[in-house]
Amino acid sequence: MGFTGIQRVVLLASVVAAFLAVVAHAAYFPVGFNENYASSTNAEHTQVLNGGEVVNLVLDQSSAAAFGSKGLYLFGAIGMNIKLVPGNSAGTVTAYYLSSGGDHHDELDFEFLGNVSGQPYTLQTNVFARGVGGREQRISLWFDPTAEFHSYSVRWTREIIIFFVDDTPIRVFRNNEDLGVPFPNAQPVGIYASLWDGSAWATQGGRYPINWAAAPFVASFQGFGVDGCEVAGGNIAYCAAGPANAWWNAGQYQYLTQQQIAALKNVQSNYLVYDYCTDRVRYPNEPAECSKNWYG
């Protein structure tokens, strides 16, 4: 049976919507904060609002602020919507990260480095694998991250880790174990957020510390769903091998599309302000993974 023009438009729209839903992987299920997370600081500094729909982290001179996940995860789509500290945020660090803990820990970091009013936020990302980090990259954000919520997430599979800002890939860390580069694939991680005083280094190397007269500083979070493999009862092997029907084992999630590669290269060309890969003081020889991670 043929389709009318209107039917074709409706069908196309439904296909596009389904595709976008698959891409998003429901990392932002509308679940309350308390379902997957718990406060790490008191109710004054970790404010759970609207029945757990929104959480404010509040930094003042008496305390930093933080929360963390109840469960541990290995692979999946993990992210959150964040609205950063407005105004003069110099010296503040808003952190959203995944970490396994321990001396040989794995960790994936988003760190938002505050700035003086009118200057762009810097987003620093880092990757630790088996205790080895030192892989900092910094970009300037191309929008005002204090005006509204934006999503910050990772897609983490056995072959690739992609950092996203909204739907734009800003960084890739591929599995280069064949080159002797460790890859996070065996340690389950907790999910954490914090707001703290980074005056010593965060804003232009510590040139601009926190102005406590502007306190309290508030960063807001929402979107507390997690679409990943939760390690239950210490059964790491189940998640490491991957359930047969887990989306993160599907082939199309082990690489970037050509469109995503173009978007990544645009970030590299126009918004990258620091890359450990090109820092010859720290690394006289380019680290083995760098050319592959930038799709060079």
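**Notes on the salt bridges, Asp-275 and the largest cavity**

1. Lys-292 and Asp-178 pair through their side chains in a salt bridge, at 3.9 Å from N to O. This joins distant parts of the chain, 114 residues apart: Lys-292 sits in helix H5, while Asp-178 is in the loop between S12 and strand S13 (190-197). On the surface side of things, Lys-292 is partly exposed at 32% relative accessibility, and Asp-178 is exposed at 61%. Keep in mind throughout that this is a predicted model.

2. That pair is one of five salt bridges in the structure. Another one links Arg-135 to Glu-289, with the closest N and O atoms 3.3 Å apart. Arg-135 belongs to the loop between strand S8 (122-128) and strand S9 (137-140), and Glu-289 to the loop between S16 and H5, so this bridge ties together parts 154 residues apart in sequence. Both Arg-135 and Glu-289 are buried.

3. The next residue along, Glu-136, has a salt bridge too: its partner is Arg-282, and the closest N and O atoms are 2.9 Å apart. Here again a residue of the S8–S9 loop meets one of the loop between S16 and H5, so parts 146 residues apart in sequence are tied together. Glu-136 counts as buried because its relative accessible area, 18%, is under the 20% cut-off. Arg-282, at 37%, is partly exposed.

4. Now have a look at Asp-275, in strand S16 (residues 272-275). Which side chain of opposite charge is nearest to Asp-275, and how far away is it? It is Arg-171, at 6.2 Å, and Asp-275 is buried with no salt bridge. A salt bridge needs the nitrogen and the carboxyl oxygen within 4 Å, so Arg-171 at 6.2 Å does not qualify.

5. What Asp-275 does have is a polar contact of 3.1 Å between its side chain and that of Gln-137. Leaving aside residues up to four places away in sequence, Asp-275 touches Glu-136, Gln-137 and Trp-294. Glu-136 is the residue bridged to Arg-282 in point 3.

6. Last, the cavities. There are three of 30 Å³ or more, and the largest holds about 60 Å³ of space. Its lining includes Gln-137, Arg-171 and Trp-294, along with Phe-173, Leu-264, Tyr-276 and Cys-277, among others. Strand S12 (168-174) and helix H5 (290-293) are the elements giving two or more residues to that lining, and S12 has the largest share, with three. Gln-137, the polar partner of Asp-275, is thus worth viewing together with this cavity's lining.

Key:
Residues numbered from 1 in each chain as written. Predicted model: local features only at pLDDT ≥ 70, side-chain atom pairs only at ≥ 80, totals over all residues. Heavy atoms only, no water. Helix = DSSP H or I, 4+ residues; strand = E, 2+ residues; numbered from the N terminus. Buried < 20%, exposed > 50% of the residue type's maximum accessible area, 1.4 Å probe, protein only. Lys, Arg positive; Asp, Glu negative; His and termini not counted. Polar contact = N/O pair within 3.5 Å; in protein donor to acceptor, adjacent residues only side chain to side chain. Contact = heavy atoms within 4.5 Å. 1 Å grid on protein atoms, 1.4 Å probe; cavity = no way out; pocket = protein on both sides within 12 Å on 5 of 7 lines; lining within 4 Å. Points joined across faces, edges and corners; volume = space filled by probe spheres on them.
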